[in-house]
Amino acid sequence: MSTTVKASRAAARQAPGTPVAKNPGRDKGAKRLAALFLAPTIIGIAVFTLVPIAASLTLAFFRWDIISAPEFVGVDNFVSIGADPTIRRAFLNTVGFVAVAVALQLSVSIGLAVLIQSKMPNWLRTFFRSTFFLPLVLSASSVSIIMSYLFNQNFGLVNQIIGLVGIPAVPWLTSQGGAMVVIILVYVWQNFGFTFLLIIGGLSSIPTEMYEASSIDGATGWKQFKNITLPLLSPTLLVASVMAIISALQIFDQPYVITRGGPGDSTRTAVMVIYETAFKQLDFGRAFAIGIVLTLLIMVVTAIQFRLSRRFVHYN
């Protein structure tokens with residue numbers, strides 16, 4: 001008995017650097033427990049992400065109306081995209097919308113962020129941050145319904161206000177140019193809050209000593225913004241622009257609710273065409289093909305942004 005006790009005590013007094021013997025049973029149990037906790041996430045990703053992607057890539061080469069069996073058509077769905085003037089117009093509308101809306105969104109966000117970060121009481125700064133972010137948490141459909149009433153030519157509040165200064169009623173939603181302007185304004189108003197917060201965070205990370213040193217050298221206002229703010233804010237602007245473009249390329253709610261793609265096809269977008277092709281024409285194979293083309297467009301635009309960022313983004 002005394003020999004066993006001594007051996008146990010000696011084992012307990014082992015040197016700190018002595019390796020501890022591994023327990024294979026305990027390692028297996030830990031791995032099984034980790035797999036058990038990861039299983040719901042892995043299954044969710046597989047069922048709701050990987051399987052739909054694989055199905056889309058496969059069914060894009062079939063003609064399928066969800067009722068009858070899929071019929072293999074090869075690349076006909078992709079060829080028909082370029083031959084359909086409605087789809088071409090929708091993609092052109094989407095690209096034009098993205099160019100204007102993203103530029104306006106970034107400009108408004110930068111201007112307001114710089115203004116808010118200037119000398120201002122903290123309570124007022126917090127108020128503006130919350131106010132500008134509020135539209136983002138609202139439903140895009142409900143906001144679009146309200147805006148369709150505000151911009152109505154006959155009884156809309158916007159025309160009533162501009163009528164006070166003698167401007168005749170503007171056919172916002174019944175003219176091609178006016179409808180796209182409304183879509184851009186509504187989209188930017190609702191989505192610039194996220195970009196605004198990103199830029200606020202980027203501005204907060206810029207050392208104030210740099211502005212103080214430059215002011216001693218006589219640089220103020222625009223010179224500080226051009227030579228200090230923009231270069232040091234460029235990584236944040238890259239992230240903000242990438243996210244803004246990806247989001248804008250997928251616009252659907254505002255044009256669908258406000259104008260239904262009209263007048264004509266002037267506000268019809270790529271995602272609207274996907275929806276109409278799938279659920280109105282029941283041509284799911286072609287809808288999958290359009291979705292793949294849109295995805296490739298997003299990937300190409302994002303790759304170009306990161307490629308160009310090597311010249312304009314400064315990390316030091």
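Here is a short conversation about the fold of this predicted model and one of its glycines.

User: Happy to start with the basics: how many helices and strands does the chain have?
Analyst: The chain holds 13 helices and two strands.

User: What makes the chain more spread out than a compact globule?
Analyst: Its radius of gyration is 29 Å, while the globule rule gives 20 Å for 316 residues; the value is well over that mark, so the chain is more spread out than a compact globule. Along the principal axes, the C-alpha atoms fill a box of roughly 105 × 75 × 40 Å.

User: What share of the residues counts as buried?
Analyst: Of the 316 residues, 35% do. The cut-off for that label is under 20% relative accessible area. As for the surface, the chain exposes about 19,200 Å², with 68% of it supplied by carbon and sulfur atoms.

User: Which part of the contacts with a separation of 6 or more comes from residues 24 or more positions apart?
Analyst: Such residues account for 66% of those contacts in the chain.

User: Let's turn to a single residue. Why is Gly-264 called exposed?
Analyst: A residue is exposed when its relative accessible area is over 50%. Gly-264 has 56%, so the label exposed applies.

User: Good, and where is Gly-264 placed?
Analyst: Gly-264 lies in the loop between α11 (253-258) and α12 (270-279). In space, Gly-264 is 9.4 Å from Ser-175, C-alpha to C-alpha, although 89 residues separate them in sequence.

User: Lastly, how far apart are the mean positions of the positive and negative charges?
Analyst: For the 23 positive and 12 negative charges of the chain, the mean positions are 17 Å apart.

Notes
Residues are numbered from 1 along each chain as its sequence is written. This is a predicted model: local features need pLDDT of at least 70, side-chain atom pairs count only at pLDDT 80 or more; totals for chains, interfaces and linings use all residues. Side-chain values use heavy atoms; hydrogens and water are left out. Helices (H or I, at least four residues) and strands (E, at least two) are DSSP runs, numbered from the N terminus. The radius of gyration is taken over C-alpha atoms; the globule rule is 2.2 Å times the number of residues to the power 0.38. Buried means under 20% relative accessible area, exposed over 50%, partly exposed in between (1.4 Å probe, protein chains only). Contact means heavy atoms within 4.5 Å. Accessible areas come from the Shrake-Rupley method with a 1.4 Å probe; for residues, only the protein chains shown count as cover. Lys and Arg count as positive and Asp and Glu as negative; His and the chain ends are not counted. The place of a charge is taken as NZ of Lys, CZ of Arg, CG of Asp or CD of Glu.
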